[in-house]
Amino acid sequence: MNQQTLEKSLYDLITETSTNLPKDVRRAIKKAKEAENAGTRAAMSLDTISNNIIMAEDNVSPICQDTGLPTFKIYTPVGVNQLEIKAAIKKAINDTTADAKLRPNAVDSLTGANSGNNLGDGLPVMKFEQWENDYITIKLILKGGGCENKNIQYSLPCEIDGLGRAGRDLDGIRKCILHSVYQAQGQGCSAGFIGVGIGGDRSSGYDLAKEQLFRHVEDTNPNPDLAKLEDYVVKTSNTFGIGTMGFGGEATLLGCKIGVMHRIPASFYVSVAYNCWAYRRMAVDIDPQTGEIIKWHYQEGEKITFKDEVAATTEDNATNVVELTAPITEEQIRSLKVGDVVSITGRMYTGRDAIHHHLMSHDAPVDLNGQVIYHCGPVMAKDEEGNWTVKAAGPTTSIREEPYQGDIMKKFGIRAVIGKGGMGPKTLKALNEHGGVYLNAIGGAAQYYADCIKGVDGVDLMEFGIPEAMWHLNVEKFTAVVTMDSHGNSLHADVDKSSLEKLALHAERVF
């Protein structure tokens, strides 16, 4: 096999996976847009998602800034050298990272150091399987941390909040899957997709669940009981009112795929792999003699460009927007309430896990009084003059910063925090005491928000790596929704409560 040709094929696979959503995923998102009520926060979010899909494809830039953990599934004919494929995958991962198609995302678990090229111990994940076909198939999924953190595994029998006892039968499985959708809320960038693995052990069950995410969104399970359950789960989940980004609405789940395997008598696991709307998975068939791509998967049916849909719905979903310029005063913050849409212009600082931990015991490198912290790990590149540019910059899941956020806001005078998925009671209390606000940006919309960033004015704490550094961003009309205000109100808590009540309505149904 020609190694250079194989490397080029893999470079193209990784780039396409990162920047261009498959046709079946696009059709599922269009269906969600059509089901949503015009003028709502959810409709506005779906417009932003559609815009982002267009921009990512046009710019050949990451749909979402979170590369996740690249996972390859490779099927090879007898006699193919798998070591050559491994080497080619590593080279392609290194090169696409250098070209800002992927964010450097591989972190040493002991030292915290970022390798800078998405390579490291056990990374990327590569799983090989031999088959009788005369061609190679390579599948890739990029599953970000926000949705990966909402994976969940149940050991039956068990007690489930809102649904009661789940036994070792199809009805118990049903309860587990419904609860998995409820517990994700908006933190997994809903509306999302789930893969479910029934049986196996702790590890093989999760492998089976993630394997289901390679199925076509519109396929039909060959097992009639599971086909019926897949359809039921999607329809029922969309009655929970969680909606896009957890803002409430009609579209909570876009797809459910279930696989089953045998188990041992003592264990009965139901494993759920949650995937965000930015459903980045692709596959190719490769000629084992030349290394060339001979077929792209997921190409069946109509491709939705979203260009006509966005033009037709933008006016319908227009809403009043509160204009803010950073630094922001406490008076301005106190005037905001849950549900307000704000547009920020001025300076914004990124801050994720490492920054928040650092600020608990150190001074800030800049004056943060009245400023905005953005929970974001951007994809960055340098232009020809050596200046930093933002290639992708969507929000990361905020709940990870719950132990720190309220203390840091009060310590440094921060007035606004932007992220996704909401935060908890400690932060909500601090917002009320200090005069702060939490703003929910649209998860996965990395191109949309990168377009709002007009310049990089500096960076601090680069020793933490590109995703975790504190970037100084000059933004214009950066739009987000107030979901936690300074008066003790939290949209996230309200949606959680109401969706739990709706989940409980299905407790007694026997499937």
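# Helices, a sheet and some unusual bonds

Reader: Hello! How do the axes of helix α2 and helix α3 cross, and at roughly what angle?
Author: Happy to start there, with the note that this is a predicted model. Helix α2 covers residues 23–35 and helix α3 covers residues 41–59, and their axes come within 10 Å. They cross at roughly 155 degrees.

Reader: Is α2 roughly parallel or roughly antiparallel to α3?
Author: The angle to judge is roughly 155 degrees. Angles over 145 degrees count as roughly antiparallel. Therefore α2 is, relative to α3, roughly antiparallel.

Reader: Which residues of α2 meet α3, and how many residues in the contact are nonpolar?
Author: From α2 come R26, I29, A32 and K33, and they meet L46, D47, I49, S50, I53 and E57 of α3. By class, the contact of α2 with α3 has four charged residues, one polar residue and, to finish your count, five nonpolar ones.

Reader: Is the crossing of α2 and α3 left-handed or right-handed?
Author: Two packed helices are described by the angle between their axes and the distance between the axes. Handedness can be given as well, and for the crossing of α2 and α3 it is left-handed.

Reader: Let's move to the sheet. In what order do the four strands come, and which are the edge strands?
Author: The four strands form an open sheet with mixed pairing, in the order β4-β9-β7-β8. An edge strand here pairs on one side only. The edge strands are β4 (152–155) and β8 (253–260).

Reader: In which sense do β7 and β9 pair, and what is the bridge partner of G197?
Author: Strands of a sheet pair through backbone hydrogen bonds, either parallel or antiparallel. Strand β7 (residues 192–198) and strand β9 (residues 269–275) pair over six bridges, in the antiparallel sense. For G197, the bridge partner in β9 is S271.

Reader: Which helices lie across strands of this sheet, and at about what angle does each run?
Author: Helix α6 (residues 170–184) lies across β4, β7, β8 and β9, and runs at about 150 degrees to β4. Helix α8 (residues 224–237) lies across β7 and β8, and its angle to β8 is about 150 degrees.

Reader: How do α6 and α8 cross, and how many nonpolar residues are in their contact?
Author: The axes of α6 and α8 come within 10 Å and cross at roughly 35 degrees, and the crossing is right-handed. Residues making the contact include I173, I177 and V181 of α6, and L226, L229 and V233 of α8. By class, the contact of α6 with α8 has two charged residues, two polar ones and, for nonpolar residues, nine.

Reader: Is H492 buried or exposed, and which residues does H492 touch?
Author: H492 has its place in helix α15 (residues 491–504). Because its relative accessibility is 12%, H492 counts as buried. Not counting residues up to four places away in sequence, H492 touches G421, G422, Y438, N440, T483 and M484.

Reader: Where is L69, and what separates its C-alpha atom from that of N118?
Author: L69 is found in the loop between α3 and β1 (71–77), and with a relative accessible area of 38% L69 is partly exposed. Leaving aside neighbours within four places in sequence, L69 is in contact with L123, V125, I141 and K143. L69 and N118 are 49 residues apart along the chain, and the separation of their C-alpha atoms is 8.4 Å.

Reader: Which prolines follow a cis peptide bond here?
Author: Most residues other than glycine have a negative phi, and most peptide bonds are trans. The bond from L156 is cis, with omega near 0 degrees, and leads to P157, which has its place in the loop between β4 and β5 (158–160). In the loop between β12 (321–325) and α10 (330–334), a cis bond with omega about 0 degrees joins A326 to P327.

Reader: What are the phi values of A100 and Q185, and are these residues buried or exposed?
Author: A100, in the loop between α4 (82–98) and β2 (125–131), has a positive phi near 60 degrees. Q185, in the loop between α6 and β7, has a positive phi near 50 degrees. With relative accessible areas of 5% for A100 and 9% for Q185, A100 is buried and Q185 is also buried.

Note on methods: Residues numbered from 1 in each chain as written. Predicted model: local features only at pLDDT ≥ 70, side-chain atom pairs only at ≥ 80, totals over all residues. Heavy atoms only, no water. Axes fitted to C-alpha atoms, helices over the stretch in contact; angles between N-to-C directions. Helix = DSSP H or I, 4+ residues; strand = E, 2+ residues; numbered from the N terminus. Parallel < 35°, antiparallel > 145°, perpendicular 65-115°, else oblique. Left-handed = near helix turned anticlockwise from the far one by under 90°. Contact = heavy atoms within 4.5 Å. Nonpolar A, V, L, I, M, F, W, Y, C, P; charged D, E, K, R; others polar. Pairing = 2+ DSSP bridges. Buried < 20%, exposed > 50% of the residue type's maximum accessible area, 1.4 Å probe, protein only.
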